[in-house]
Amino acid sequence: TLEYAVHVPHFYDPYATITMDVMNSTSSFSAMHYAPLLSPNDSIVRLVAAGMNFSLAITNNNLPYIWGKNCVLNPDYKNHDNGDENNDSAAELIQNLRSKPVLDSAYPRYIPGLPSNLQIVKVACGSHHAAMLLEDGSVWAVGVATDRPIPLWGEAVEILERGVINSADEVVSFTAGFDRTVIVAGDSSEGGGRQVVEMQLWSNEDLRMHGAVRPLWVECLERGWERDGRNGSVKS
């Protein structure tokens, strides 16, 4: 339970320390990510979201926890994208084929990696990822990459830089579905309207930071509104 995870001294999730470098090589754990010990007041859940496979909760003192299916890294799984499968024995390859890169977590796991000085203001869960909107307008996520089956659960990564959204205070909708996150925000520029941004959790950092788009369906809606306006019709 969340209460167990946050009230037991020296509680930590060993899976949270496994990075992709560890999975792809023989390097050892560099540090243990201890889940902070919280008081009953601090452990009050302030934000919560649930997707098809897992749930995400933000505590009263801004700490994120996730639990459910397929949301922790499997320490016995080796990623073969680095071309190391020729060096593995047949038995190791067979064992790897029978396993999967991620495992279930029956208890809330603390998510490291977020800026500690920024409040999490909105959260959303898709089927493959969990996303968090911070007060500066940036978006951070954990999950499985969109373009390749690479688990990015070890720590949160940024998928939208600050400055793309005019202001986090203007966000009226923050949702996630399948592998996508969509923000709808009020547009304070002349002419009004809404600012709509869609982003995904790419495996490549450059794609993550520059892959946000304005969905094509927004233009279709706007063209429909303009047409309806010329015809004098009003639609809800």
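In strand S7, Gly 143 is the bridge partner of His 129. Strands S6 (residues 129-134) and S7 (residues 139-144) run antiparallel and are joined by five bridges; strands here are DSSP runs of E of at least two residues, numbered from the N terminus, and two strands pair if DSSP finds at least two bridges between them. The model is predicted: local features need pLDDT of at least 70 and side-chain atom pairs count only at pLDDT 80 or more, whereas totals for chains, interfaces and linings use all residues. Residues are numbered from 1 along each chain as its sequence is written, and side-chain values use heavy atoms, without hydrogens and water.

S6 and S7 belong to an open, antiparallel sheet of four strands in the order S5-S6-S7-S8. Because strands S5 (120-125) and S8 (151-160) stand at the edges with a single partner strand each, one side of each has no neighbour in the sheet.

The largest nonpolar core (buried Ala, Val, Leu, Ile, Met, Phe, Trp, Tyr and Cys residues joined through side-chain atoms within 4.5 Å; buried means under 20% relative accessible area with a 1.4 Å probe, protein chains only) has 22 residues, of which Leu 56, Ile 66, Ile 120, Val 123, Met 132 and Trp 153 touch the most other members. At least two residues of this core come from each of S1 (45-50), S2, S3 (64-73), S5, S6, S7 and S8. Another core, of 19 residues, lies apart from it and includes Leu 152 and Ile 165.

Ala 57 lies in strand S2 (residues 54-59) and is buried, at 2% relative accessibility. Beyond its neighbours within four places in sequence, Ala 57 has contacts (heavy atoms within 4.5 Å) with residues including Val 45, Leu 63 and Trp 67.

Notes: Buried < 20%, exposed > 50% of the residue type's maximum accessible area, 1.4 Å probe, protein only.
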